[in-house]
Amino acid sequence: MNRIIDLRSDTVTQPTAAMRKAMAEAEVGDDVFEEDPTVIRLEQRVASMLGFEAALFMPTGVMANEVAIRLWTRPGDEVLCDAHSHVVDYELSGMAALSGVIPRTVSTERGHVSAREVKASARPRSYYRSEITLLVLENTHNLAGGTVTTASDMQESITAAHEIGLKVHVDGARLWNAAIALGSPPADLVRGADSAMVTLSKGLCAPVGSILCSSREAVGRARRVRKQFGGGMRQIGHLAAAGLVAVDTMVARLAEDHEKARGLAAIVSEAKGARVVAPQTNILFVHFENPIAQELGDRLEREGIKASVMGRSSLRFVTHKDVTPEDCETAGRGLVTASKAI
Ligand SMILES: *Cc1c(COP(=O)(O)O)cnc(C)c1O
């Protein structure tokens with residue numbers, strides 16, 4: 001049996017040999033007592049890479065987003081965000097369950113809530129209407145297809161939000177990909193935001209971990225909320241050590257993942273009835289005229305190729321370190337063949 005080509009997500013990536021070595025040898029302490037030197041080093045490193053005062057290691061990106069929402073809202077508030085943002089579609093209504101707030105969604109084409117849409121959300125204050133107090137921006141945007149928002153578009157929305165009194169959190173699970181695609185430092189994409197989250201366990205290949213960045217004061221409060229959510233952890237320098245290798249050595253190579261996604265897109269565009277959204281980063285969506293996504297996914301799986309079935313007529317492919325350009329070619333040809341066989 002040939003090996004599996006797994007294009008479901010960049011989260012399937014294996015930690016590198018350098019990460020495994022760093023994890024084994026990490027200097028650690030009890031992080032609940034704020035005494036783990038490797039965690040402290042990683043938090044400081046990521047805070048400075050993103051231009052924030054302080055940062056906090058989180059077990060997952062979801063927890064980082066949900067802690068941020070708790071920080072910037074009160075029960076009964078609303079959160080402005082794209083209708084298909086991760087905080088809406090993939091966090092099990094966490095904002096409602098954990099913070100007592102609901103999303104106020106905007107339907108966008110590419111996942112970005114523009115300054116115009118932020119301004120349009122403003123309404124006169126009234127005691128009988130809830131208030132929008134937070135804007136969440138997602139860059140890159142997962143469900144829109146790994147789409148990238150430029151630094152200037154980010155800035156305009158952040159400024160517009162602040163002008164009407166909203167805080168801003170950036171869900172930057174794949175901010176690294178956006179920065180590489182744009183050729184700009186990640187700090188430029190989050191400048192002025194009140195908090196930002198980045199993930200270590202996707203394209204950067206660390207086994208676990210996301211980092212929430214904010215002001216020193218807000219990170220102090222976030223540490224309390226993380227503990228309350230059950231996320232106070234002990235000798236996690238072993239995990240942070242892999243995170244340091246990730247942020248120090250694995251960011252630049254994301255360009256290869258983007259190249260692989262473009263290669264895959266070129267082949268897949270020959271599939272029957274397919275509409276391919278040209279990938280800007282490492283996520284490729286393929287939409288079909290008919291509701292055949294599940295059947296295509298099953299056929300690919302029988303060939304040892306895994307993709308994500310997204311609804312009835314779309315497939316998602318995510319490129320990453322553990323697939324080669326040849327694997328992507330094989331997957332692309334597999335899809336073209338399957339599309340003609342149905
Ligand atoms: C993956 C992802 C997250 C959070 O991921 P975890 O699996 O909880 O680490 C948050 N936002 C976006 C956009 C994501 O793609």
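This report describes the largest pocket and one strand of a predicted model.

Residues are numbered from 1 along each chain as its sequence is written. In this predicted model, local features need pLDDT of at least 70 and side-chain atom pairs count only at pLDDT 80 or more, while totals for chains, interfaces and linings use all residues.

**The largest pocket**

Rolling a probe the size of a water molecule over the atoms shows where empty space is left. Here a pocket is an open set of points, on a 1 Å grid over the protein atoms alone, where a 1.4 Å probe fits, with protein on both sides within 12 Å along at least five of seven lines; lining residues have an atom within 4 Å of a point. The largest pocket has a volume (the space filled by probe spheres set on the points) of about 280 Å³. Its lining has 14 residues, and Thr108, Glu109, Arg110, Leu143 and Ala144 are the closest to the centre. The lining comprises 4 nonpolar, 6 polar and 4 charged residues. Because domain 1 (5-12 + 253-341) and domain 2 (17-249) both contribute residues to the lining, the pocket lies between them.

**Strand E7**

Strands are DSSP runs (E, at least two residues), numbered from the N terminus. All 5 of the 5 residues of E7 (residues 195-199) are buried (under 20% relative accessible area, 1.4 Å probe, protein chains only), so the strand is largely enclosed by the rest of the structure. Ser195, Met197 and Thr199 lie on one side, and Ala196 and Val198 on the other. Two strands pair if DSSP finds at least two bridges between them.

| Strands | Bridges | Direction |
|---|---|---|
| E6 (residues 167-172) and E7 | 4 bridges | parallel |
| E7 and E8 (residues 210-214) | 4 bridges | antiparallel |

His169 has Ser195 in E7 as its bridge partner, and Thr199 has Ser210 in E8.

How values were computed. Heavy atoms only, no water. Nonpolar A, V, L, I, M, F, W, Y, C, P; charged D, E, K, R; others polar. Domains from an automatic or database assignment. Buried < 20%, exposed > 50% of the residue type's maximum accessible area, 1.4 Å probe, protein only.
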